[in-house]
Amino acid sequence: MAVDGQLNIYAVAAVVFAAAVCGDNIAYLIGRKAGRAVVLHHGAKVGVTEERLQKIEVMLDRRGAYMVIGARFIAFVRQLNGITAGTAKMSWPRFFAADLVGCALWAGFWTGVVVLIGKEKVILPFFWHHLSLTASVVMAIIFLTLAIWWIRRRGMGSEAE
């Protein structure tokens with residue numbers, strides 16, 4: 001609708017940005033208030049322990065801002081970004097600042113894509129279809145790789161005992 005002039009593209013970008021920031025910060029609050037208890041209660045089933053959570057906290061202290069910004073561009077990780085940062089006790093001012101940057105870049109990128117190729121009625125659906133397919137394949141490969149790594153690691157750990 002913005003490409004056709006029915007909506008102001010800058011207003012669309014502002015709403016996308018604001019919604020992303022609000023959603024991430026609500027997720028951060030949920031993670032901060034309830035995430036740690038849930039993770040420690042159920043985490044052992046998938047190998048998450050207090051020690052591993054502490055390692056994540058150390059990693060967030062060092063590289064958290066970059067992780068928050070980068071996560072905005074990765075499907076599924078984007079949705080868990082705020083909850084993970086809150087659960088791992090990343091400081092809210094640091095999370096918020098990184099989230100503002102990440103959401104601004106993300107909203108700007110996608111708004112720019114719409115403006116650049118949106119006038120071509122054939123290109124955008126083609127682009128979305130192939131991007132969705134590519135993202136699905138990449139995510140499947142990542143999850144499969146992580147599952148194999150986790151299974152091997154768990155298998156090796158039990159052999160040593």
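Reader: Why is threonine 87 called buried?
Author: Its relative accessibility is 5%. Buried means under 20% relative accessible area, exposed over 50%, and partly exposed in between (1.4 Å probe, protein chains only). So threonine 87 counts as buried. This is a predicted model: local features need pLDDT of at least 70, side-chain atom pairs count only at pLDDT 80 or more, and totals for chains, interfaces and linings use all residues. Residues are numbered from 1 along each chain as its sequence is written, and side-chain values use heavy atoms, without hydrogens and water.

Reader: What makes the approach of threonine 87 to isoleucine 83 a polar contact?
Author: The side chain of threonine 87 reaches the backbone oxygen of isoleucine 83 at 2.8 Å. A polar contact is a pair of N or O atoms within 3.5 Å; within protein, one must be able to donate a hydrogen and the other to accept it, and residues adjacent in sequence count only if both atoms are side-chain atoms. The backbone oxygen of glycine 31 lies 3.5 Å from a polar atom of the threonine 87 side chain.

Reader: Is lysine 55 buried or exposed, and why?
Author: Lysine 55 has a relative accessible area of 60%, so it is exposed. Lysine 55 lies in helix H2.

Reader: Why does phenylalanine 76 count as it does, buried, partly exposed or exposed?
Author: Its relative accessibility is 43%, so phenylalanine 76 counts as partly exposed. Phenylalanine 76 sits in the loop between helix H2 (50-71) and helix H3 (77-87).

How values were computed: Helices (H or I, at least four residues) and strands (E, at least two) are DSSP runs, numbered from the N terminus.
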